[in-house]
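Student: Please take a close look at the sheet at one point of pairing, and then follow the chain outward from there. I should like the cut-offs stated as each term arises.

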Amino acid sequence: MILFVNACVRRQSRTLRLAKKLLDTLDGEIKEVKLEKIDFPIVNEDFINRREAFVNAGRYDDPLFALGKDFADADSIVIAAPYYDLSFPAMLKQYFEQINVLGLTFIYSESGMPKGLCKAKRLYYVTTAGGPVISDDLGFGYVKMLANTFYGIEDVFYYKAEGLDIAGADVEAILDGVSFE
(Lines give C-alpha, C1' and ligand atoms only; values in the text may rest on other atoms or scores of the structure.)
Protein backbone atom coordinates (compact mmCIF):
# COMPACT_ATOMS: atom_id res chain seq x y z
CA MET A 1 0.00 0.00 0.00
CA ILE A 2 1.21 3.48 -0.92
CA LEU A 3 0.23 6.01 1.72
CA PHE A 4 -0.36 9.42 0.15
CA VAL A 5 -0.19 12.18 2.79
CA ASN A 6 -1.79 15.18 1.10
CA ALA A 7 -1.11 18.56 2.75
CA CYS A 8 -2.37 20.54 -0.28
CA VAL A 9 -5.47 22.71 0.10
CA ARG A 10 -5.83 24.59 -3.17
CA ARG A 11 -7.99 23.04 -5.89
CA GLN A 12 -5.38 24.01 -8.49
CA SER A 13 -2.42 23.01 -6.30
CA ARG A 14 0.79 22.67 -8.26
CA THR A 15 2.24 20.52 -5.49
CA LEU A 16 -0.71 18.15 -5.84
CA ARG A 17 -0.22 18.02 -9.62
CA LEU A 18 3.42 17.08 -9.14
CA ALA A 19 2.57 14.48 -6.49
CA LYS A 20 -0.03 12.85 -8.75
CA LYS A 21 2.57 12.69 -11.52
CA LEU A 22 4.86 10.85 -9.09
CA LEU A 23 2.06 8.54 -7.91
CA ASP A 24 1.43 7.56 -11.53
CA THR A 25 4.96 6.14 -11.68
CA LEU A 26 4.51 3.95 -8.58
CA ASP A 27 2.87 0.53 -8.44
CA GLY A 28 0.39 -0.32 -5.72
CA GLU A 29 -2.88 0.58 -4.10
CA ILE A 30 -2.97 4.21 -2.96
CA LYS A 31 -4.52 5.26 0.33
CA GLU A 32 -4.87 9.03 0.60
CA VAL A 33 -4.88 10.98 3.84
CA LYS A 34 -6.19 14.51 3.16
CA LEU A 35 -4.83 16.46 6.08
CA GLU A 36 -7.23 19.38 5.62
CA LYS A 37 -10.12 16.98 6.37
CA ILE A 38 -8.67 15.86 9.72
CA ASP A 39 -9.75 17.54 12.93
CA PHE A 40 -6.50 17.08 14.83
CA PRO A 41 -6.77 17.01 18.61
CA ILE A 42 -4.85 19.60 20.56
CA VAL A 43 -1.69 18.09 21.98
CA ASN A 44 -2.10 19.18 25.58
CA GLU A 45 -1.53 17.41 28.91
CA ASP A 46 -4.87 15.57 28.78
CA PHE A 47 -4.15 14.29 25.29
CA ILE A 48 -0.64 13.16 26.20
CA ASN A 49 -1.85 11.41 29.37
CA ARG A 50 -4.63 9.63 27.46
CA ARG A 51 -2.27 8.50 24.71
CA GLU A 52 0.38 7.37 27.21
CA ALA A 53 -2.20 5.30 29.09
CA PHE A 54 -3.08 3.43 25.89
CA VAL A 55 0.59 3.00 24.96
CA ASN A 56 1.49 1.72 28.45
CA ALA A 57 -1.35 -0.80 28.20
CA GLY A 58 -0.21 -1.83 24.69
CA ARG A 59 -3.63 -0.82 23.32
CA TYR A 60 -3.21 0.55 19.83
CA ASP A 61 -6.77 -0.34 18.77
CA ASP A 62 -8.16 3.09 19.76
CA PRO A 63 -9.02 5.39 16.78
CA LEU A 64 -6.38 7.73 18.20
CA PHE A 65 -3.77 5.49 16.57
CA ALA A 66 -5.39 4.95 13.14
CA LEU A 67 -3.10 7.41 11.35
CA GLY A 68 -0.01 5.93 12.98
CA LYS A 69 -1.03 2.39 12.12
CA ASP A 70 -1.51 3.30 8.45
CA PHE A 71 1.86 5.04 8.41
CA ALA A 72 3.61 2.08 10.04
CA ASP A 73 1.96 -0.43 7.67
CA ALA A 74 2.58 1.43 4.39
CA ASP A 75 4.97 -0.05 1.84
CA SER A 76 5.84 3.42 0.49
CA ILE A 77 4.90 6.94 1.56
CA VAL A 78 4.35 10.02 -0.59
CA ILE A 79 4.04 13.38 1.15
CA ALA A 80 2.79 16.36 -0.85
CA ALA A 81 3.34 19.63 1.00
CA PRO A 82 3.62 23.09 -0.49
CA TYR A 83 6.53 25.22 0.68
CA TYR A 84 5.00 27.62 3.22
CA ASP A 85 6.96 30.07 5.34
CA LEU A 86 10.30 28.27 4.87
CA SER A 87 8.77 24.88 5.70
CA PHE A 88 5.41 23.18 5.17
CA PRO A 89 1.80 23.67 6.30
CA ALA A 90 1.20 23.35 10.06
CA MET A 91 -1.21 20.46 9.50
CA LEU A 92 1.73 18.29 8.42
CA LYS A 93 3.44 18.95 11.76
CA GLN A 94 0.17 18.03 13.50
CA TYR A 95 0.12 14.81 11.48
CA PHE A 96 3.63 13.92 12.65
CA GLU A 97 2.59 14.62 16.24
CA GLN A 98 -0.21 12.06 15.82
CA ILE A 99 1.83 9.30 14.14
CA ASN A 100 4.97 9.59 16.26
CA VAL A 101 3.88 6.93 18.75
CA LEU A 102 6.19 4.86 20.93
CA GLY A 103 5.65 1.17 20.24
CA LEU A 104 3.81 1.82 16.98
CA THR A 105 6.08 3.80 14.66
CA PHE A 106 9.27 3.69 16.75
CA ILE A 107 10.86 2.37 19.94
CA TYR A 108 13.90 3.44 21.91
CA SER A 109 17.03 1.29 21.83
CA GLU A 110 18.93 0.39 24.98
CA SER A 111 21.18 3.40 24.33
CA GLY A 112 18.14 5.70 24.17
CA MET A 113 18.19 6.27 20.43
CA PRO A 114 14.95 5.92 18.42
CA LYS A 115 14.60 2.86 16.23
CA GLY A 116 11.98 2.77 13.50
CA LEU A 117 9.17 0.23 13.34
CA CYS A 118 7.72 1.31 9.98
CA LYS A 119 7.45 -1.13 7.10
CA ALA A 120 8.10 1.43 4.34
CA LYS A 121 11.47 1.37 2.63
CA ARG A 122 10.86 4.60 0.68
CA LEU A 123 9.42 8.01 1.42
CA TYR A 124 8.91 10.60 -1.31
CA TYR A 125 8.58 14.29 -0.43
CA VAL A 126 7.07 16.60 -3.06
CA THR A 127 6.89 20.38 -2.80
CA THR A 128 6.50 23.50 -4.92
CA ALA A 129 7.40 27.09 -4.15
CA GLY A 130 6.46 30.40 -5.68
CA GLY A 131 9.98 31.70 -5.10
CA PRO A 132 13.21 29.90 -4.30
CA VAL A 133 13.33 27.22 -1.60
CA ILE A 134 15.66 29.11 0.73
CA SER A 135 16.82 26.02 2.64
CA ASP A 136 16.03 22.36 2.12
CA ASP A 137 16.80 21.78 5.82
CA LEU A 138 13.68 23.43 7.23
CA GLY A 139 10.89 21.47 5.48
CA PHE A 140 12.38 18.49 3.71
CA GLY A 141 15.24 18.16 6.19
CA TYR A 142 12.81 17.79 9.08
CA VAL A 143 10.84 15.09 7.26
CA LYS A 144 14.02 13.26 6.22
CA MET A 145 15.34 13.30 9.79
CA LEU A 146 12.06 11.84 11.10
CA ALA A 147 11.99 9.20 8.36
CA ASN A 148 15.60 8.11 8.89
CA THR A 149 15.84 8.46 12.66
CA PHE A 150 12.39 7.73 14.07
CA TYR A 151 10.66 5.61 11.43
CA GLY A 152 13.52 3.53 10.03
CA ILE A 153 12.86 4.62 6.44
CA GLU A 154 16.26 4.81 4.80
CA ASP A 155 15.44 5.90 1.25
CA VAL A 156 14.01 9.42 1.23
CA PHE A 157 13.54 11.19 -2.09
CA TYR A 158 12.99 14.91 -2.61
CA TYR A 159 11.22 16.48 -5.57
CA LYS A 160 10.68 20.21 -5.84
CA ALA A 161 9.64 22.82 -8.35
CA GLU A 162 10.55 26.34 -7.33
CA GLY A 163 10.33 29.85 -8.70
CA LEU A 164 6.82 29.27 -10.00
CA ASP A 165 5.52 32.76 -9.15
CA ILE A 166 8.52 34.77 -10.33
CA ALA A 167 7.60 37.18 -13.13
CA GLY A 168 8.14 35.52 -16.49
CA ALA A 169 8.45 32.00 -15.08
CA ASP A 170 7.35 29.21 -17.42
CA VAL A 171 5.37 27.29 -14.81
CA GLU A 172 4.56 24.34 -17.07
CA ALA A 173 8.19 23.95 -18.15
CA ILE A 174 9.36 24.06 -14.53
CA LEU A 175 6.80 21.44 -13.48
CA ASP A 176 7.54 19.25 -16.52
CA GLY A 177 11.25 19.50 -15.73
CA VAL A 178 10.87 17.56 -12.51
CA SER A 179 11.97 13.98 -13.17
CA PHE A 180 11.03 11.02 -10.99
CA GLU A 181 13.80 8.69 -12.14
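Tutor: Two strands are said to pair if DSSP finds at least two bridges between them. Helices (H or I, at least four residues) and strands (E, at least two) are themselves DSSP runs, numbered from the N terminus. The model is a predicted one, in which local features require pLDDT of at least 70 and side-chain atom pairs pLDDT 80 or more, while totals for chains, interfaces and linings use all residues. Residues are numbered from 1 along each chain as its sequence is written, and side-chain values use heavy atoms, with hydrogens and water left out.

The point of pairing to begin with is Leu3, which stands opposite Lys31 in β2. Helix α1 (residues 14-23) packs on the sheet, in contact (heavy atoms within 4.5 Å) with β1, β2, β3, β6 (122-128) and β7. The direction of α1 makes about 150° with that of β6; such axes are lines fitted to C-alpha atoms, for helices over the stretch in contact, and the angles run from 0 to 180 degrees between N-to-C directions. Strand β1 (residues 2-6) is joined to β2 in the parallel sense over five bridges.

The wider sheet places this pair in context. Five strands form an open sheet in the order β2-β1-β3-β6-β7, and the pairing is parallel. At its edges lie β2 (30-34) and β7 (155-161), each of which pairs on one side only. From one strand to the next, the twist averages 15°. Besides α1, helix α4 bears on these strands: α4 lies across β1, β2, β3 and β6 and runs at about 135° to β1.

Helix α3 is also covered by these elements. Its buried residues are Gly68, Asp70, Phe71 and Ala72, where buried means under 20% relative accessible area, exposed over 50% and partly exposed in between (1.4 Å probe, protein chains only). The cover over these residues of α3 includes β1, β2, β3, α4, β6 and α5 (140-151).

Phe71 also provides a reference for distance. The C-alpha atoms of Phe71 and Ala169 are 36 Å apart, with their positions 98 residues apart along the chain. Ala169 belongs to the loop between β7 and α6 (171-176) and is partly exposed at 29% relative accessibility. Leaving aside residues up to four places away in sequence, Ala169 touches Gly163, Leu164 and Ile174.

The loop between β3 (76-80) and α4 (90-99) contains Asp85. Most residues other than glycine have a negative phi. Asp85, however, has a positive phi near 45°, and Asp85 is exposed, with a relative accessible area of 78%. Leu86, found in that loop between β3 and α4, has a phi near 70°, likewise positive; Leu86 is partly exposed at 39%.

Beyond α4, the loop leading to β4 (106-108) holds Leu102, which is partly exposed at 36% relative accessibility. Leu102 joins Ile107, Tyr108 and Leu117 in a nonpolar surface patch of about 320 Å². Patches consist of residues with over 30% relative accessible area and no salt bridge, like charges being joined within 9 Å and nonpolar side chains (Val, Leu, Ile, Met, Phe, Trp, Tyr) within 5 Å. The areas come from the Shrake-Rupley method with a 1.4 Å probe, and for residues only the protein chains shown count as cover.

Charged side chains complete the picture. A salt bridge is a side-chain nitrogen of Lys or Arg within 4 Å of a carboxyl oxygen of Asp or Glu, and the structure holds 10 of them. One of these links Lys34 and Glu36 at 3.8 Å, N to O; Lys34 is partly exposed at 32%, as is Glu36 at 38%. Another salt bridge joins Asp62 to Arg50 at 3.4 Å, N to O. This pair links distant parts of the chain, with Asp62 in the loop between α2 (45-56) and α3 (66-73) and Arg50 in helix α2, 12 residues apart. Asp62 is buried, at 14% relative accessibility, whereas Arg50 is partly exposed at 42%. Arg59 and Asp61 also form a salt bridge, at 3.6 Å, N to O; Arg59 is partly exposed at 40%, and Asp61 is exposed at 56%. Elsewhere, salt bridges with shared partners unite Asp136, Lys160 and Glu162 in one network.
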